[in-house]
Amino acid sequence: MIKKIITLFLFLILIPINSYALIEVDITRGNLDPLPIAVSPLSIDEKSRKSFEKVLKKKNIGEEISSIVENNLSTSGLFNPLSKDAFLQAPDIANLKPRFEDWNLIKAQALITGKVNYVDDKLRVEFRLWDVLAAKEMMALAFTTVPSNWRRVGHIISDKVYERLTGEKGYFDTRIIYVAEEGPKTQRIKKLAIMDQDGFNNKFLTLGNELVLTPRFNPTSQMVTYLSYFKNLPRVYLLDIETGTQEVVGDFPGMTFAPRFSPDGKKIIMSFAKDGKSDIYTMDLENRIVDRITNHPSIDTSPSYSPDGKYITFNSDRSGYQQIYIMKSDGSDVKRISFGNGLYGTPVWSPRGDLIAFTKLHKGKFYIGVMRTDGKGERLLTENYYQEAPSWSPNGRVLIFYRETKTNDKGEGFTAKLWSIDLTGYNERQIKTPNDASDPSWSSLLSN
Amino acid sequence: MILSKIFKNTLIVLAACLVLSACATKKEIATDIKGSMQGDVYTGTDTVEYLAEGVPDRVFFATNESILTTASRETLRAQAAWMRKNSSINVVLEGHADERGTREYNLALGERRANAAKDYLMTYGVSSDRITVLSYGKERPVDSGSNPLSWSKNRRSVTVKAN
């Protein structure tokens with residue numbers, strides 16, 4: 001604590017005018033010392049409050065939006081939102097000019113204030129971020145949107161605050177596409193489902209008539225690619241989430257699976273299995289030209305591009321067992337990078353480019369881990385009886401994956417749920433879903 | 001401390017045995033596992049169905065393997081003979097994996113297993129255009145248990161009549 005104050009003090013002497021990074025949150029360390037932050041409810045006048053109540057059926061939309069922000073900051077593990085019971089200043093006055101001594105008293109280091117108005121059938125929000133110790137405004141933003149976007153407003157505020165305090169883009173205004181599951185294991189019913197990153201606005205996209213697996217977002221649009229067993233022909237499909245249109249893209253005589261988009265969103269990379277061997281192919285979505293990338297009698301699957309599109313990481317058993325490889329995007333220079341004990345699968349390249357996340361199987365346990373792109377620096381983040389399929393948050397700081405746990409000690413029954421964990425290995429959390437869930441994929445930021 | 005813990009554990013074991021009436025149930029399961037697996041390949045019959053008399057519908061595999069065992073080859077020769085005799089019948093070979101693997105790799109593994117069966121049927125005179133391969137990976141286990149015996153039943157290629 002003393003050290004922190006001294007650092008801030010020095011900072012102020014060095015750059016007294018530039019208010020950049022008065023408070024800094026170190027996201028590389030884990031959640032040992034989350035920053036105490038006060039999220040004052042967005043203030044709202046009575047007329048606006050009534051209008052929103054009519055349109056959105058929410059009593060106080062200002063409080064609702066603030067609690068979204070609070071929840072986001074808290075689940076990030078980097079912030080500790082303080083209890084509102086201790087707040088001394090009313091929201092409307094705080095937004096004009098906070099009495100910093102009051103906020104200091106309850107040990108808040110940062111403060112968010114704001115107000116929300118109903119203007120011409122639209123929702124207008126303004127918010128400010130304050131450095132309590134330095135008694136300074138760090139950021140002030142305003143924007144207008146349709147009222148039905150109110151949850152997104154909370155996510156955008158969270159992203160702006162996260163970015164201002166950590167120096168990195170946030171990941172709150174995002175969605176997760178996943179597979180909702182129900183029924184006995186031998187006849188599992190699976191549907192595509194989508195929800196906001198915090199588990200709200202859950203929506204099913206398919207009816208469950210056919211088996212669907214491994215949906216993945218296009219990093220540049222609201223398109224999804226996935227595997228469907230429609231008419232008992234396992235093929236790669238494209239789905240436009242906005243329009244609901246579906247089309248088959250991997251209609252080859254065999255099975256196409258394990259699809260992912262290229263970083264520019266223009267190609268799909270996938271496996272094509274025929275005659276007992278699986279190889280990696282790409283399809284250009286504009287001209288439908290198919291390129292063969294690997295040609296090996298082994299199983300080559302789970303391909304994932306590097307963010308610059310120059311390399312591909314993939315899973316192959318050409319050494320005898322499942323291991324992780326990288327190659328140039330034209331298929332040349334194939335190199336094995338996993339050499340630890342056990343089997344390695346589902347490699348996924350980080351959007352930051354420096355790491356590859358994977359699933360590891362060793363001595364009857366499943367691990368989610370990361371390694372550098374040369375295979376060195378392996379770190380296992382979490383161990384369990386069964387879990388797999390990590391997907392990166394768009395800022396490369398959090399992984400979402402799924403885990404099956406037994407419902408009782410005898411190992412009977414099971415439940416599948418989505419979990420997230422920080423790259424630091426801290427802050428493991430279950431993400432609530434109405435059904436069982438698997439195969440999560442994280443979207444890019446919807447706004448910037 | 002340690003002694004009392006051991007004592008406590010002994011009591012629990014004793015109590016468990018009493019409940020299971022002299023451990024009879026436990027013993028039965030143990031012999032069942034032993035009698036139903038060779039290495040870790042399932043050799044039992046309780047999930048097997050028959051395409052015709054003496055023609056079992058499925059073959060089983062070792063973990064991560066797609067090699068046909070002696071018993072599997074015998075089953076497939078019976079299937080090939082039955083298909084040669086019934087030339088109008090087409091089949092789908094459904095390849096499966098157990099739950100102890102990643103989803104996408106298991107899809108490929110199921111495809112490889114079904115193709116191992118397909119290749120063998122072809123060497124015994126069945127034309128390839130009568131055979132379709134379909135992999136389910138680990139999506140359609142026949143036994144929902146999470147133990148070596150259940151997994152061995154699930155590592156399979158099943159020959160299903162298509163018409």
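**Exercise 1.** Determine what distance separates the centres of domain 1 and domain 2 of chain A.

*Solution.* The centres, taken over C-alpha atoms, are 35 Å apart. Domain 1 covers 20–166 and domain 2 covers 175–442, with bounds from an automatic or database domain assignment. The model is predicted: local features need pLDDT of at least 70, side-chain atom pairs count only at pLDDT 80 or more, and totals for chains, interfaces and linings use all residues. Residues are numbered from 1 along each chain as its sequence is written, while chains are lettered from A and ligands numbered from 1 in the order in which they are written.

**Exercise 2.** State which residues A:Phe257 touches.

*Solution.* Contact requires C-beta atoms, placed from the backbone, within 7 Å. Leaving out residues up to four places away in sequence, A:Phe257 touches A:Leu227, A:Pro234, A:Val236, A:Met270, A:Ser271 and A:Ala273, and in chain B it touches B:Glu104 and B:Leu107.

**Exercise 3.** Describe the open sheet of chain B and its edges.

*Solution.* Strands are DSSP runs of E of at least two residues, helices runs of H or I of at least four, numbered from the N terminus; two strands pair if DSSP finds at least two bridges between them.

1. The 4 strands follow the order 5-8-6-7, with mixed pairing.
2. Strand 5 (58–60) and strand 7 (131–137) of chain B each have a single partner strand, so one side of each lacks a neighbour in the sheet.
3. Strand 6 (residues 91–96) and strand 8 (residues 156–161) of chain B are antiparallel over 5 bridges.
4. Within this pairing, B:Glu94 stands opposite B:Val158 of strand 8.

Note on methods. Contact = placed C-beta atoms within 7 Å.
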